Amino acid sequence: MLMKKCLAIFKKQIKDTLKNKSILIQFILFPIMAVIMNNAVHIEGMPKNYFVNLFATMYIGMAPMESMSTIISEEKENNTLRVLLMANVKTYEYLLGVGFYVLLLCLIGSGVFGICGGYEGMNLVRFIGIMGIGIITSILIGAAIGVWSKNQMTATSITVPIMMIFSFMPMLAGFNDAIGKISRFLYSQQVSHLLENISKMTLGRECVVVITMNILVALVLFIFSYKRCSLA
């Protein structure tokens, strides 16, 4: 029964996304930009797959977080979520359905990044897996914001500054050491480091601790929002 309801919500989200261009563009913008820039711009001394890793990191920090918070807050505002809950759909079933939907679409985008970067075999699997960790973290943060917010405007005002931090801090860290000392505590920065060294795939203690702590904080925020705020 759980899988049937989650699948029904999954199908519903596909139809809604095709209608909502602002959400659809979140999933396709950065992969397209990565393909274009990676093939059109070649500068001497530029690290291999610079644009792939750059846009992949931005994608992790923006697409899943923005999509998740927008979907939940929009359905709360339009009262479509209330209808689902009255139709015997449990809150956790709805969140699982939406979360799986966003995760799957973002993993497809991750595959585009990986193929664009020329990764094959296990390197491609590692690339998608590493991005998946960052995507899940962003989904939890986006879900917490969406559940907490009363409407879409509130969700957007909260989501935008947060996703800007997680998306742009890793890029700015490459040009400013002071920013780098701060961004090292962000999961997006650690994911960026892993993507840059995909063939070596060495997990340092700092990387594991930072990513784990970020996931735990995101999970706690989501649980807190889930318990304190009504989705109806």
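The buried residues of helix α9 are covered by elements that include α3, α6 (121-148), α7, α8 (177-183) and α10 (205-228). In this predicted model, α9 spans residues 187-196, and eight of its 10 residues are buried, so the helix is largely enclosed by the rest of the structure. The residues concerned are Y187, S188, Q189, Q190, V191, S192, L194 and L195. A reader who begins at α9 can therefore move outward from a largely enclosed helix to the elements that cover its buried residues, among them α3 and α7, whose mutual packing is described further on.

Before following those helices, it helps to set out the chain as a whole. Its secondary structure consists of 10 helices and zero strands, and the order of elements from the N terminus is accordingly α-α-α-α-α-α-α-α-α-α. For 232 residues, a compact globule would be expected to have a radius of gyration near 17 Å, and the value of 18 Å computed for the protein chain agrees with that expectation. The C-alpha trace spans about 60 × 30 × 30 Å along its principal axes. Of the 232 residues, 46% are buried, while the surface that the chain exposes comes to about 12,100 Å², with carbon and sulfur atoms supplying 69% of it. Among contacts with a sequence separation of 6 or more, 75% are accounted for by residues 24 or more positions apart.

One pairing that can be traced in detail is that of α3 (residues 50-77) with α7 (residues 152-173), which pack at an angle of about 170° with their axes 9 Å apart. Since an angle over 145 degrees counts as roughly antiparallel, α3 and α7 are therefore roughly antiparallel to each other. On the α3 side the contact is made by L54, T57, M58, G61, M62, M65, E66, S69, T70, S73, E74 and E77, and on the α7 side by Q152, A155, T159, I162, M163, F166, S167, F168, P170 and M171. By character, the residues of this contact divide into 11 nonpolar, eight polar and three charged. The regular spacing of helical positions can be read against a general property: an α-helix has 3.6 residues a turn, so residues three or four places apart point the same way.

Within this contact, T159 offers a convenient point of focus. T159 belongs to helix α7, and with a relative accessibility of 0% it counts as buried. Once neighbours within four places in sequence are left aside, T159 is in contact with M65, E66, S69 and I145; of these partners, M65, E66 and S69 are also listed on the α3 side of the helix pair.

The N-terminal end of α3 and the loop before it deserve separate attention. N49 sits in the loop between α2 (21-40) and α3, and its phi is near 55°, a positive value in a residue other than glycine. N49 nevertheless counts as buried, at 10% relative accessibility, whereas Y50, which lies in helix α3, is partly exposed with a relative accessible area of 29%. The C-alpha atoms of Y50 and M169 are separated by 16 Å, although the two residues are 119 positions apart along the chain.

Further along α3 lies F55, a residue that is buried with a relative accessible area of 7%. F55 touches F30, M33, A34, M37 and F113, when residues up to four places away in sequence are not counted. The C-alpha atoms of F55 and G111 are 13 Å apart, with their positions 56 residues apart along the chain.

Two further buried residues extend the picture to other helices. Y94 is found in helix α5 (residues 91-116) and is buried, its relative accessible area being 0%; Y94 and L7 are 87 residues apart in sequence and 9.8 Å apart in space, C-alpha to C-alpha. S183, which lies in helix α8, is likewise buried with a relative accessible area of 0%. Not counting residues up to four places away in sequence, S183 touches M169, A173 and Q189, and Q189 leads back to the starting point, being one of the buried residues of α9. The C-alpha atoms of S183 and P170 are separated by 6.3 Å, with the residues 13 apart along the chain, and P170 is itself among the α7 residues in the contact with α3.

Conventions: Residues numbered from 1 in each chain as written. Predicted model: local features only at pLDDT ≥ 70, side-chain atom pairs only at ≥ 80, totals over all residues. Heavy atoms only, no water. Axes fitted to C-alpha atoms, helices over the stretch in contact; angles between N-to-C directions. Helix = DSSP H or I, 4+ residues; strand = E, 2+ residues; numbered from the N terminus. Parallel < 35°, antiparallel > 145°, perpendicular 65-115°, else oblique. Contact = heavy atoms within 4.5 Å. Nonpolar A, V, L, I, M, F, W, Y, C, P; charged D, E, K, R; others polar. Buried < 20%, exposed > 50% of the residue type's maximum accessible area, 1.4 Å probe, protein only. Rg over C-alpha atoms; globule rule 2.2 N^0.38 Å. Areas by Shrake-Rupley, 256 points an atom, 1.4 Å probe, with all protein chains shown as cover.
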